[in-house]
Amino acid sequence: MTVGERIRKARKQMGLTMKQFAEPLGLAESTISKIENGTANASTAVLKLMGSVYNLDYFWLTDGTGDMFINDTDVIIEELSKQKGWNPEVEATLKEMFALPEDKFNLVMELIRAMKSENNKDSNN
């Protein structure tokens with residue numbers, strides 16, 4: 001699959017027309033058409049912009065590796081990790097926690113609430 005074909009696939013999966021896809025990127029509909037049809041190449045800057053605007057993975061766009069969409073939760077956790085100076089284990093644990101099925105996530109949250117409540121009782125004594 002070419003870069004243009006991957007862009008078309010992503011655009012269609014998002015349910016966007018070429019015009020709707022192009023506008024937030026500051027591009028013409030005809031430019032998207034040319035890229036998708038292989039008569040023009042998307043620059044690195046345009047591919048990175050597509051990634052930023054639509055949460056598309058740059059490596060998926062360029063060579064088809066990985067997932068089409070960037071996991072927003074992972075990106076947020078990575079940014080917080082940088083800002084807070086967390087070690088890689090904390091970052092990995094949070095990513096794993098947020099990837100849990102909802103029922104298991106809720107169990108973890110209940111455990112945290114119980115521990116917090118117990119901690120509050122201890123500090124009041």
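The largest nonpolar core in this predicted model has 16 residues, and I7, F21, M50, L56 and L61 have the most contacts inside it. Five helices give two or more residues each to this core: α1, α2 (18-22), α3, α4 (44-54) and α5 (58-63). The largest share comes from α4, with four residues.

L61 is a good place to see how this core is knitted together. Setting aside residues up to four places away in sequence, L61 touches V3, R6, I7, L47, M50, G51 and L56. Three of those partners, I7, M50 and L56, are themselves on the list of residues with the most contacts inside the core.

**Helix α4**

Now for α4 itself. Its buried residues are V46, L47, M50, G51 and Y54. Looking down the axis of α4, they fall within an arc of 145 degrees, so they line one face of the helix. That fits the usual helix geometry: with 3.6 residues a turn, residues three or four places apart point the same way. On the other side of α4 you'll find A45, K48 and S52, which are exposed. As for partners, the buried residues of α4 pack against α1, α2, α3 and α5.

Just after α4 comes N55, with a positive phi of about 55 degrees, and this is a residue other than glycine. N55 sits in the loop between α4 and α5. Is N55 buried, exposed or partly exposed? Its relative accessible area is 30%, so N55 is partly exposed.

**Helix α3**

The buried residues in α3 are I32, I35 and E36. Their directions from the axis of α3 span an arc of 95 degrees, so they too line one face of their helix. They pack against α1, α2 and α4. After α3 comes G38, which also has a positive phi, near 80 degrees.

E36 deserves a closer look, since it is a charged residue by class and yet counts as buried, at 3% relative accessibility. Leaving out residues up to four places away in sequence, E36 touches G4, E5, I7, R8, R11 and M18.

**Where α1 meets α3**

Much of that E36 list turns up again in the contact between α1 (residues 3-13) and α3 (residues 29-37), whose axes are 6 Å apart at an angle of about 120 degrees. The two helices are therefore oblique to each other. On the α1 side the contact uses G4, E5, I7, R8 and R11, and on the α3 side I35, E36 and N37. By class, that makes two nonpolar, two polar and four charged residues.

**S81 in α6**

Further along the chain, S81 lies in helix α6 (residues 72-84). S81 is buried, with a relative accessible area of 5%. Which residues does S81 contact, apart from its neighbours within four places in sequence? They are W86 and E91.

Here are the three residues with accessibility values, side by side.

| Residue | Place | Relative accessible area |
|---|---|---|
| E36 | helix α3 | 3%, buried |
| N55 | loop between α4 and α5 | 30%, partly exposed |
| S81 | helix α6 | 5%, buried |

Methods:
Residues numbered from 1 in each chain as written. Predicted model: local features only at pLDDT ≥ 70, side-chain atom pairs only at ≥ 80, totals over all residues. Heavy atoms only, no water. Axes fitted to C-alpha atoms, helices over the stretch in contact; angles between N-to-C directions. Parallel < 35°, antiparallel > 145°, perpendicular 65-115°, else oblique. Contact = heavy atoms within 4.5 Å. Core = buried A, V, L, I, M, F, W, Y, C linked by side-chain atoms within 4.5 Å. Buried < 20%, exposed > 50% of the residue type's maximum accessible area, 1.4 Å probe, protein only. Arc of directions from axis to C-beta.
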